[in-house]
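Biologist: Could you walk me through the inside of this protein, taking a close look at its core and at the sheet? I am new to reading structures, so please go step by step.

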Amino acid sequence: MTVQAVPEPATRTEHLLFLDRAAVRTCAAGIDPVAVVEDVLRAHAAGRTTLPAEGYLPWSNSQGAYCRSIAMLGSVGDADPTVPTAYGMKLINAATSNPAQGMDRAGGVSFLFDTETARPAVVAEAAYLSALRTGAYTMSSLRHLGPEHFQEVTLIGCGAQARTHAELLARYFPDVHTLHVHDLLPERASAFASWVEAGELPFTVVPHGRAAEAAAASTVVITLTITDTGYLTPDHLRPGTFVAHVSLDDLLPEVFDRAQALYVDDVELIRDNPRRVLGRLLGEGRVLAPGTTKPGTTTIRGTLGDVLTAAVPAERPDTGVVVSNPFGMAVLDVGLLARVYAQAAADGHGTRLDLLGADR
Ligand code: NAD
């Protein structure tokens, strides 16, 4: 469905619908986020999305903490019968000092634009949806590229993404009974374990004092830290392990060198960001883009969208390590928000804001 403002010809009003986190959560509960993400990934693989380069603004706050704003525009569903047409943006900001003030590190808003007037028509709390689409991508990659059978999962980093990943693991992989966790701050791992218990999620949480120990404890390793310094070597990972490298800087280059198979969400997005390890390795020619080969050098197999459209075979880990390295695509936020908005419109959720107020 397309997003169009409610026409009110007699008065010059400009309304948008505001969805706070509670409304987003309520609406998202009625949809299958992995199915939505997979529809958008197929559309992306078929070239029926638009993904402009991200805007990135870093600064330091008065405490000297690192702050950044990322503006991510995207559109989905151009002439695609399976994905509703939507244009929008996620604005996701973060300050590393926020957790010490009792706030999540990252937060922001996502927009949908009216397809006719181009005005913002929907503005929604972004962090929950961002975590949901990221977790849903991990679930899809696990479904298609993960070990055939697994009952234990390792989460390195116990913040907001870890919580959403745990909720989705409970929903999509009911055989999983144990979460091995590690956080640089042990109190975060303890708080995560308490949160799992309070929410009655069906997991035993096993905290590990060292990341390497946690990584070796299962055959599904999901990195959800905020590090910019790699720490996992190939020797830390068991043969037959699938790594969802969500936080993008945890794996040392040797893991890519020796990967059994490597998949991404979008090659160009990764290449455009040499701040992250895989972007740097691509730029150096130490990892190659799909379609190019050099003996002894890892070539990216393709995207998860290519796997879903059967353009590229899915390879699960057996004797080696399969790595999924999703940079994170705005089209997934926009596609997911479009479904959430459809639910909100159907059920009457959200608050209408008048952009012009008395000035009309
Ligand atoms: P968060 O700040 O809520 O949690 C991060 C946790 O990692 C914290 O508890 C912190 O103490 C811990 N940590 C930091 N460095 C660590 C290290 N070296 N070893 C172990 N633990 C460490 O962050 P979040 O919102 O949960 O996001 C997690 C990561 O996911 C971020 O890097 C974010 O940029 C990334 N992310 C990726 C995508 C994607 O699509 N690839 C999308 C969204 C977020």
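**A walk through the core and the sheet**

Modeller: Let's begin with one cysteine: C27 is buried, because its relative accessibility is 1%, under the 20% limit for that word. C67 also counts as buried, at 4% relative accessibility. You might wonder about sulfur bridges, and the count of disulfides comes to zero. Please keep in mind that this is a predicted model, so every value here is computed from predicted atoms.

Now for the core itself. Nonpolar side chains in soluble globular proteins tend to be buried together. Here the largest nonpolar core holds 97 residues, and the members that touch the most others are L19, V153, L155, L179, F192 and F256. Helix α11, residues 330-347, is the element that gives the most to this core, namely nine residues. Where does this core lie with respect to the domains? Domain 1 (15-129 + 331-354) and domain 2 (146-328) both give residues to the core, so it lies between them. There is also a second, separate core of seven residues, with M72, A94, A106 and A126 among them.

Let's zoom in on V153, one of the core members just named. Setting aside its neighbours within four places in sequence, V153 is in contact with L169, V176, T178, L179, H180, S218, V220 and I222. Notice L179 in that list, since L179 takes us straight to the sheet: its bridge partner in β10 is V205.

Strands of a sheet pair through backbone hydrogen bonds, either parallel or antiparallel. In this model, strand β9 (residues 178-182) and strand β10 (residues 204-207) pair in the parallel sense, over four bridges. How does the chain get from β9 to β10? The path goes through helix α5, residues 186-198, and this β-α-β crossover is right-handed.

Step back and you can follow the whole open sheet of eight strands, with parallel pairing, in the order β10-β9-β8-β11-β12-β17-β13-β16. Its edge strands are β10 and β16 (302-303), each of which pairs on one side only. Further along that order, strand β13 (residues 261-264) and strand β17 (residues 321-325) run parallel and are joined by four bridges. Within this pair, L262 stands opposite V323 in β17.

Finally, take a look at the loops. Between β12 (241-244) and α7 (253-257) there is a loop that holds D249, and L248 sits in the loop between β12 and α7 too. D249 is buried, because its relative accessibility is 6%, and L248 is buried with a relative accessible area of 6%. L248 has a phi near 70°, a positive value in a residue other than glycine. Which residues does D249 touch, not counting those up to four places away in sequence? They are T227, D228, T229, G230, R275, R276 and V277.

For a contrast, find A310, in the loop between α10 (304-308) and β17. A310 also has a positive phi, of about 65°, although it is not a glycine. Is A310 buried or exposed? A310 counts as exposed, because its relative accessibility is 66%, over the 50% limit for that word.

How values were computed. Residues are numbered from 1 along each chain as its sequence is written. This is a predicted model: local features need pLDDT of at least 70, side-chain atom pairs count only at pLDDT 80 or more; totals for chains, interfaces and linings use all residues. Side-chain values use heavy atoms; hydrogens and water are left out. A nonpolar core is a set of buried Ala, Val, Leu, Ile, Met, Phe, Trp, Tyr and Cys residues joined through side-chain atoms within 4.5 Å. Buried means under 20% relative accessible area, exposed over 50%, partly exposed in between (1.4 Å probe, protein chains only). Helices (H or I, at least four residues) and strands (E, at least two) are DSSP runs, numbered from the N terminus. Domain bounds come from an automatic or database domain assignment. Contact means heavy atoms within 4.5 Å. Two strands pair if DSSP finds at least two bridges between them. A crossover is right-handed if, with the strands pointing away from the viewer, the path from the first strand over the helix to the second runs clockwise. A disulfide is a pair of cysteine sulfur atoms within 2.5 Å.
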